[in-house]
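Trainee: I would like a close look at a single part of this model. Could you take me through one helix pair slowly?

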Amino acid sequence: MWKFLHRLSSLKYFYEWSGKWVPWLLGLTAVLMLVGLYWGLLVAPADYQQGESYRIIYVHVPSAWMSMFVYVVMAGAGFVAIVWRTKLSEIVVSECAIIGATFTALALVTGMLWGKPTWGTYWQWDARMTSELILLFLYFGIIAVHSVIEEPRTAARVASILAIIGVINIPIIHYSVTWWSSLHQPNMQLISKTPSVHPSMLYPLLVMATAFQFYFVSLLLIRMRNAILYRERITNWVKNSLARD
Amino acid sequence: MQEFFYMDGKALYVWGSYGVTLVALLAGLALARLRKKRILREIKESLEQ
Amino acid sequence: MLDVFLTVIRRDLLLAYRRRADLMNPILLYVIVATLFPLGISPDAEFLARLAPGLVWVTTLLAALISMESIFRQDFEDGSIEQLFLSPHPFSLLVLGKVVAHWLITAFPMLVIVPLMAMLLHMPVQAVPVLWITILLGTPILSLIGAIGAALTAGFRGGGVLLGLLVLPLYVPVLIFASLAVSAAADGLAVSGQLAMLGAGLILALLLAPFAISASLKISMG
């Protein structure tokens with residue numbers, strides 16, 4: 001196990017190893033996504049309170065879950081990058097930021113599109129939406145680090161520290177925002193945003209969530225391979241593997 | 001069928017969210033692919049020199 | 001150990017004292033911003049009083065942020081940060097000394113000026129002591145978190161704007177608890193919960209931030 005992890009941390013080995021996996025992961029993502037869409041849009045029944053508009057849940061909730069999951073992955077990789085200074089974990093930190101920001105933005109946009117028919121307004125200073133917005137700002141900060149600091153390894157280490165601080169702060173931010181919104185909106189809309197989920201609605205949600213997970217892993221690997229190719233563009237193994245193709 | 005696209009009159013919101021999500025996910029893959037092509041071209045050019 | 005800690009504080013305070021004219025600037029900025037709000041919103045006393053806790057605290061966040069930018073700049077330029085790093089004493093302790101000194105220099109004057117600002121914004125009298133306590137508990141957290149951001153961006157061009165981008169989202173909990181406490185006090189409600197949260201936040205920041213700051217400085221020094 002350790003031997004495998006050690007070999008994997010070599011960029012060249014990782015590049016070759018991940019190349020075999022990417023097509024399978026992408027295929028699996030596509031299959032899961034199609035199954036989830038079919039199930040969620042056609043098979044699952046309409047919600048008795050919200051009617052059809054609840055179906056936004058199948059893209060909104062997986063995005064929101066992923067927005068937090070990616071941040072945790074990024075902070076975990078950041079911890080490894082700070083302690084062991086492995087290049088591969090630095091690349092994970094750098095590549096996670098933009099993917100996570102995309103999921104966060106998606107969660108916000110779909111949340112707004114869900115808010116309009118449910119709350120009657122696109123934006124409500126609701127606790128979850130507000131903390132999601134702040135999460136987006138945290139991602140923006142980490143992306144900005146990469147654009148300001150040119151040296152990629154330094155940028156990744158700065159981003160790692162930020163990701164670790166962010167991961168400690170996210171629960172505190174979430175808690176404070178929840179408290180704040182509970183004080184300011186005693187008469188929040190009656191319809192809660194997560195209807196008590198019936199299994200017939202839950203299973204397609206889980207399928208979609210899994211599809212999003214696989215999408216994340218696929219895109220992360222693809223982006224990491226690009227980053228490796230770029231960083232190692234002057235080395236022999238990259239040139240040789242190109243010559244072979 | 002028409003009912004399916006109509007979505008209770010919430011079509012704009014439901015299809016809007018699915019559309020945005022799909023576009024964003026596909027764009028992520030497309031951009032990565034574009035970047036790969038650019039990097040490969042750059043490396044090939046440096047090899048030829 | 002405590003000696004070194006105090007020496008760092010004393011040195012920074014002395015350096016600041018030599019340029020004491022600069023010290024007044026953030027305070028002046030603070031007061032000017034406070035007068036802009038009534039001009040921009042409305043002079044109506046009742047209306048302003050409702051907004052006052054948030055206005056004072058948002059201004060405090062921005063003032064803290066602006067002051068953070070300079071905390072390590074001088075030390076980076078003259079290389080004294082490397083001297084501190086190479087000294088045999090724990091780096092995070094020395095760095096904490098620098099943050100404490102910076103807080104004394106920048107936030108301490110705020111404690112003096114804040115009652116005046118509250119008055120300008122027609123804040124109810126019973127809320128002013130609570131506002132004062134939130135500033136006392138909240139600004140050290142802002143300094144500690146801000147110092148992490150300043151340490152991360154100190155060595156880079158364009159670090160100033162980046163600092164705001166990185167640090168302001170992390171300031172959100174302080175803003176919420178502090179302004180909630182002041183609003184509650186203005187309404188005559190209990191504030192112990194909010195103040196306890198601020199206190200807990202301060203302890204947490206004191207325990208964790210010095211390590212984050214020293215790790216960040218190491219990265220920026222290369």
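Trainee: Is the crossing of α1(C) and α6(C) left-handed or right-handed?

Mentor: Happy to help. This is a predicted model, in which local features need pLDDT of at least 70, side-chain atom pairs count only at pLDDT 80 or more, and totals for chains, interfaces and linings use all residues. Residues are numbered from 1 along each chain as its sequence is written, while chains are lettered from A and ligands numbered from 1 in the order in which they are written.

The crossing of α1(C) and α6(C) is right-handed; that is, the near helix is turned clockwise from the far one by less than a right angle. Helices here are DSSP runs (H or I, at least four residues), numbered from the N terminus. In chain C, α1 covers residues 2-18 and α6 residues 91-120, and they pack with axes 8 Å apart at an angle of about 40 degrees. Axes are lines fitted to C-alpha atoms over the stretch in contact, and angles run from 0 to 180 degrees between N-to-C directions. The two helices are therefore oblique to each other (not under 35 degrees, over 145, or 65 to 115).

Now the residues that meet, where contact means C-beta atoms, placed from the backbone, within 7 Å. From α1(C) come C:V4, C:F5, C:V8, C:I9, C:D12, C:L13 and C:A16. Their partners in α6(C) include C:L94, C:G97, C:K98, C:A101 and C:I105. This contact divides into 12 nonpolar, 2 polar and 2 charged residues, counting Ala, Val, Leu, Ile, Met, Phe, Trp, Tyr, Cys and Pro as nonpolar, Asp, Glu, Lys and Arg as charged, and the others, Gly among them, as polar.

Methods. Contact = placed C-beta atoms within 7 Å.
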